[in-house]
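Subject: Structure handover and notes

Hello,

Here is the structure you asked for, with my notes below it. Please look through the model first and then read on.

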Amino acid sequence: MAAFIGAQELARLVRDPTKTAGTDYLVVDVRDSDFAVGHIPGALNVPAHDMYAKAGSIIDAYSHVPLVVFHCMLSQQRGPKAARIYREVVSGRLKVAADGDPLFGQTVRVLDRGFGGWVDAFLKTEPDLIADFDQEMWDTL
């Protein structure tokens, strides 16, 4: 199982003007339609039910990224399962990878408490850490 990363630790990366999503870190949000309610800035939305089919293309596009963070709403099931699937595909690729492949240095984490915890931590104090937030839709979840 992938280790967890706390919201504050991830937020330091998201806030850092010298860091870029998709280059220095990647946030993979595995929620479905509720992604439209709001998300972490720069997050890639890959619904959990698509992870088996899309893990390879995510690896192809982001193998150079040193930290990949998965999450769902609570990071209790879908987020950890997506991280496991991703790691399994990475592990298979590493068996045939050349020395120096950047995947050898990639770290996979799961956001502790998921997007719900992220909203709890930042909605009132740093709303810019929540992209496209829709309070009315949020209240219906």
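Is D29 buried or exposed, and what is its relative accessible area? One caveat before the reply: this is a predicted model. D29 is buried, and its relative accessible area is 0%.

**Around D29**

D29 belongs to strand β2. Its side chain makes a polar contact of 3.5 Å with the side chain of H71. Leaving aside residues up to four places away in sequence, D29 touches F35, H39, A43, L44, N45, V46 and H71.

**Helices α1 and α2**

The buried residues in α1 are A7, L10, A11, L13 and V14. Viewed down the axis of α1, they fall within an arc of 155 degrees, so they line one face of the helix. The cover over these residues includes β1 (3-5), β2, β4, β5 (107-111) and α4.

Helix α2 spans residues 51-62, and its buried residues are M51, A55, G56, I58 and I59. These span an arc of only 165 degrees around the axis, which places them on the same side of α2. A53 and D60 are exposed on the other side of α2. Among the elements covering the buried residues of α2 are β2 (26-29), β3 (44-45), β4 (67-71) and α3 (78-94). Strand β2 is thus named in the cover of α1 and also in that of α2.

**Nonpolar cores**

The largest nonpolar core contains 23 residues. Within it, the residues with the most contacts are L10, V14, I40, L111, F115 and W118. Two or more residues of this core come from each of α1 (7-15), β4 and α4. The largest share, 5 residues, is from α1.

W118 is worth selecting in your viewer. W118 is buried, with a relative accessible area of 0%. Not counting residues up to four places away in sequence, W118 touches A7, L10, A11, V14, I40, L111, L123, L129 and I130. Apart from the largest core lies another core, of 21 residues, which includes I58, A83, L103 and V110. I58 is also one of the buried residues of α2.

**Aromatic pairs**

A pair of aromatic rings is described by the distance of the centres and the angle of the planes. The count of aromatic pairs comes to 4. In the pair of F70 and Y86, the ring centres are 5.3 Å apart and the planes stand at 55 degrees, so this pair is tilted. F70 is in strand β4 and Y86 in helix α3, so the pair ties together parts that are 16 residues apart in sequence. Both F70 and Y86 are buried.

For W118 and F122, the centres are 4.7 Å apart and the planes are at 65 degrees, so the pair is edge-to-face. Both residues lie in helix α4 (residues 114-122), 4 residues apart, which is about one turn of the helix. F122 counts as buried, at 1% relative accessibility.

Ring pairs also join F115, F133 and W138 into a cluster. The ring of F115 has a further partner: the charged end of R31 sits over it, 4.1 Å from the ring centre. F115 is also listed among the residues with the most contacts inside the largest core.

**Backbone: S75 and D132**

Most residues other than glycine have a negative phi. What is phi of S75? For S75 the value is near 55 degrees, which is positive, and the residue is not a glycine. S75 is in the loop between β4 and α3. S75 is buried, with a relative accessible area of 4%.

D132 is not a glycine either, and has a positive phi of about 55 degrees. D132 is in the loop between α4 and α5 (135-138). D132 is exposed, with a relative accessible area of 57%. In short, S75 is buried, whereas D132 is exposed.

Regards

Note on methods. Residues are numbered from 1 along each chain as its sequence is written. This is a predicted model: local features need pLDDT of at least 70, side-chain atom pairs count only at pLDDT 80 or more; totals for chains, interfaces and linings use all residues. Side-chain values use heavy atoms; hydrogens and water are left out. Buried means under 20% relative accessible area, exposed over 50%, partly exposed in between (1.4 Å probe, protein chains only). The arc is that of the directions from the helix axis to the C-beta atoms. Contact means heavy atoms within 4.5 Å. A polar contact is a pair of N or O atoms within 3.5 Å; within protein, one must be able to donate a hydrogen and the other to accept it, and residues adjacent in sequence count only if both atoms are side-chain atoms. Rings of Phe, Tyr and Trp (its six-membered ring) pair if their centres lie within 6.5 Å; planes under 30 degrees apart count as stacked, over 60 as edge-to-face and the rest as tilted. A charge sits over a ring if NZ of Lys or CZ of Arg is within 6 Å of the ring centre and within 35 degrees of the ring normal. A nonpolar core is a set of buried Ala, Val, Leu, Ile, Met, Phe, Trp, Tyr and Cys residues joined through side-chain atoms within 4.5 Å.
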